[in-house]
Amino acid sequence: MSEQTDNPGPSQPEPAPLASLPTSKVARAARFAKTGLKVGANYVKHYAKRAAGADVTPEDLHAANAAELYGALSEMKGSVLKVAQMLAMEKNILPAAYAEQFAQAQYQTPPLSGPLVSKAFRDAFGKSPYELFDEFDPQARQAASIGQVHFARKDGRALAVKVQYPGVADSIRSDIRLVKPIALRVLGLDEAAVRPYMQEVETRLLEETDYALELRRGEQIARESAHLPHLEFPRYYPELSAARILTMDWLPGQHLKEFLATDPPQAVRNQLGQTLWDFYMHQLHALRQVHADPHPGNFLLRAEHGGTVGVLDFGCVKEVPADVHQLFTALLAPDTLADEARLLALLEQAGVLRPTDAPPLRQLYLRTLHDSLSLVGRPFRQPVFDFGAPAYMESLYALGDNLMQQPELRQQREPRGSEHFIYLNRTYVGLYALLTELRASVRTGAAEA
Amino acid sequence: MEKDRIKQAYLDYVLRHNEPPASVYLLAQQLNLPEAEFYRYYPNFAAIDREIWADFGRQARTQASQEPVWQEYGAREKLLGFYFTLLEILKQNRSYALQSLRRSLRGMPALTPRVLDDFRQDFETFVADLLREGRLSEEVAPRPLLQEQYPRAFWQQALFVLGFFARDESLNFERTDAAVEKAVTLSFDLVGRNTFDSALDLARFLFQSSRR
């Protein structure tokens with residue numbers, strides 16, 4: 001989750017020293033940190049009362065905590081959490097999203113000091129960054145979720161150097177161990193039932209700390225997507241990278257928000273949107289592994305050649321097993337919705353519906369999923385889809401809210417559906433959100449079928 | 001130099017046998033040296049231990065200050081630079097460091113292992129200089145009387161770091177790095193201008209007002 005700003009030059013004013021993480025992700029994480037504090041306070045109150053001799057049960061405590069958590073939940077529009085409910089593949093995937101948010105709130109690391117950055121380089125290369133590069137800016141240019149990005153220059157090339165905070169992988173492990181029991185008890189979930197989801201999130205989070213893996217994946221996806229037009233990947237430098245250091249080209253371009261502020265013409269926005277769409281469809285259907293963090297900070301946009309997209313950060317990549325791919329594609333296929341028997345069969349295969357379900361519950365699930373799939377799959381049913389129509393994203397959000405209100409769904413304490421859907425959903429929602437912001441009109445390829 | 005030769009032979013012996021030689025005579029014999037010659041340089045083995053530790057500290061300060069950006073560093077970063085360099089040196093000498101600390105603590109369980117006596121003196125001078133520099137750059141708030149105690153407080157921090165390093169089980173002792181970073185940041189937040197100064201200022205003001 002690293003972010004780069006626009007191309008630096010000696011003429012540019014130096015960015016202010018990094019005091020905190022500037023993305024909206026932070027606001028969400030902070031929101032959760034706050035909840036964490038309140039939950040912590042509830043525990044303190046609980047034990048204070050007990051110490052004072054009052055007769056309180058642990059259930060009071062959990063109820064108080066759950067209230068805080070649900071409070072946080074309803075305030076979090078557009079976050080990863082929202083994603084899970086929005087696509088409504090499974091409302092009970094939420095705890096996994098919780099765990100992730102919690103963990104992220106926990107391991108938002110403070111900026112690394114200059115000497116610590118030097119230490120990371122000495123550990124890896126036996127040299128300081130000032131010896132390794134021709135030029136190295138000790139002031140970080142951007143925060144990444146588990147480290148920071150420095151600007152460097154070597155042999156005339158501008159480089160982005162990502163440096164990771166020491167011991168992050170360790171703390172993620174212990175944070176999850178810490179958070180898991182709390183999250184489970186507060187939400188009243190069964191550990192065994194949630195395990196695959198937790199496992200999935202933990203694996204992705206830990207992978208994100210492995211820069212060697214990120215380098216391999218970044219190179220691979222770039223190589224296999226080289227034929228796609230208007231797409232740009234940074235070159236990675238293995239000889240300047242290590243377990244906690246990742247060196248790549250400093251790509252030119254602007255983040256979505258700044259880019260949109262330059263008021264790009266519709267044709268450019270369409271081309272950018274098309275490029276993103278084609279890139280993601282190629283990853284999903286041909287590569288079977290996706291850049292699962294389509295966060296605006298991970299793309300650099302510019303108007304050159306009618307619109308060019310630079311793709312950063314392959315820290316979070318989801319590999320899609322063949323059966324999951326087949327299932328996911330079939331669920332979004334235009335003719336599935338019309339055919340109730342087929343939809344039922346697919347949902348059973350996905351583990352969302354079970355033969356043992358009571359008929360009313362089964363109907364409820366079916367109706368809910370039908371609604372959400374028809375919304376999410378809408379772009380696939382039209383040859384050209386206009387993500388600029390504001391009604392579309394609004395109806396997606398409204399759907400999420402509706403689902404939250406359904407008492408029958410809220411009572412379900414048992415997660416369902418494939419754990420692989422967590423990151424696939426996140427990918428789709430991230431992509432849709434980007435395209436909506438771009439107000440791009442995209443040829444989805446649906447007409448050819 | 002003869003002195004360095006004795007020091008090196010002692011270090012090798014400790015590393016190989018995990019304890020000091022049984023007597024000065026044995027070490028001198030190994031070096032083909034009359035025992036009396038040894039005492040021209042060191043009164044006993046404990047003095048060599050103290051000197052080796054003092055060398056670690058000196059070496060860390062020299063190496064850290066050779067960093068090209070050292071001059072641009074503030075006091076906080078200089079202290080961090082010192083710790084990180086020291087940890088690198090200790091990593092190369094970890095067996096000896098742990099062995100000598102343990103031995104020193106066993107003999108005299110005090111707050112500060114005696115083996116660190118010389119190291120400590122240098123360290124406190126170094127910190128006092130850094131703090132003076134920090135007061136000029138306003139990183140450190142001037143607090144007469146209290147600030148005389150700072151070097152001792154920072155010594156406790158150094159002991160904390162050494163203790164953390166000794167117990168650290170993470171690969172490459174990465175968690176010690178994080179501990180240093182956080183501990184030093186906290187200490188400079190404490191000695192910098194903060195709530196405490198504002199509170200003191202108000203208290204002083206109220207006290208003066210009440211005497212009018």
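Two residues are in contact here if their C-beta atoms, placed from the backbone, lie within 7 Å. With that in hand, let us walk through this predicted model, starting with chain A. Among its contacts between residues at least 6 apart in sequence, 74% join residues at least 24 apart. Chain A has 449 residues, of which 45% count as buried, and its secondary structure consists of 17 helices and twelve strands.

The domain assignment splits chain A into three parts: domain 1 (25-108 + 170-207), domain 2 (114-164 + 210-318) and domain 3 (320-443). Let us look at how domains 2 and 3 of chain A meet. Their C-alpha centres lie 31 Å apart, and the contact brings together 20 residues of domain 2 of chain A and 18 residues of domain 3 of chain A. On the domain 2 side, helix 10 (256-261), helix 11 (266-287) and strand 7 (289-291) of chain A each supply at least two residues. Helix 11 of chain A gives the largest share, nine residues. By class, that domain 2 side holds eleven nonpolar, five polar and four charged residues.

Helix 11 of chain A also leads us to a sheet. Three strands of chain A make up this open sheet, in the order 5-9-8, with mixed pairing. Strand 5 (231-232) and strand 8 (299-302) of chain A stand at the edges with a single partner strand each, so one side of each has no neighbour in the sheet. Strand 5 of chain A runs parallel to strand 9 (residues 308-311) of chain A, and two bridges join them; Glu232(A), for example, has Gly310(A) in strand 9 as its bridge partner. Helix 11 of chain A packs on this sheet, where it touches strand 5, strand 8 and strand 9 of chain A, and its direction makes about 45° with that of strand 9.

Another strand pair of chain A is worth a visit. Strand 4 (residues 157-164) and strand 6 (residues 245-249) of chain A pair in the antiparallel sense over five bridges, and one of the bridge partners is Thr247(A) in strand 6, which faces Val161(A) in this pairing. Four of the five residues of strand 6 of chain A are buried, so this strand is largely enclosed by the rest of the structure.

Now for chain B, which is divided into domain 1 (1-43) and domain 2 (45-211). The centres of these two domains of chain B, taken over C-alpha atoms, are separated by 31 Å. Nine residues from domain 1 of chain B and eight residues from domain 2 of chain B take part in their contact. The domain 1 side of it has seven nonpolar residues, one polar and one charged.

Helix 4 (residues 45-65) of chain B offers a neat check on geometry. At 1.5 Å a residue, its 21 residues should span 30 Å, and the end C-alpha atoms are 31 Å apart, which agrees. Its buried residues include Ile48(B), Ile52(B), Trp53(B), Phe56(B), Ala60(B) and Ala64(B), along with the charged pair Asp49(B) and Arg50(B). An α-helix has 3.6 residues a turn, so residues three or four places apart point the same way.

Finally, how do the two chains meet? Chain B brings 16 residues into contact with 15 residues of chain A. On the chain B side, helix 5 (75-92) and helix 9 (174-191) each supply at least two residues. That side has six nonpolar, three polar and seven charged residues.

Methods:
Residues are numbered from 1 along each chain as its sequence is written. Chains are lettered from A and ligands numbered from 1 in the order in which they are written. This is a predicted model: local features need pLDDT of at least 70, side-chain atom pairs count only at pLDDT 80 or more; totals for chains, interfaces and linings use all residues. Domain bounds come from an automatic or database domain assignment. The expected span of a helix is 1.5 Å times one less than its number of residues. A residue is buried if 20 or more other C-beta atoms lie within 10 Å of its own, exposed if 12 or fewer, and partly exposed in between; C-beta atoms are placed from the backbone. Two strands pair if DSSP finds at least two bridges between them. Axes are lines fitted to C-alpha atoms, for helices over the stretch in contact, and angles run from 0 to 180 degrees between N-to-C directions.
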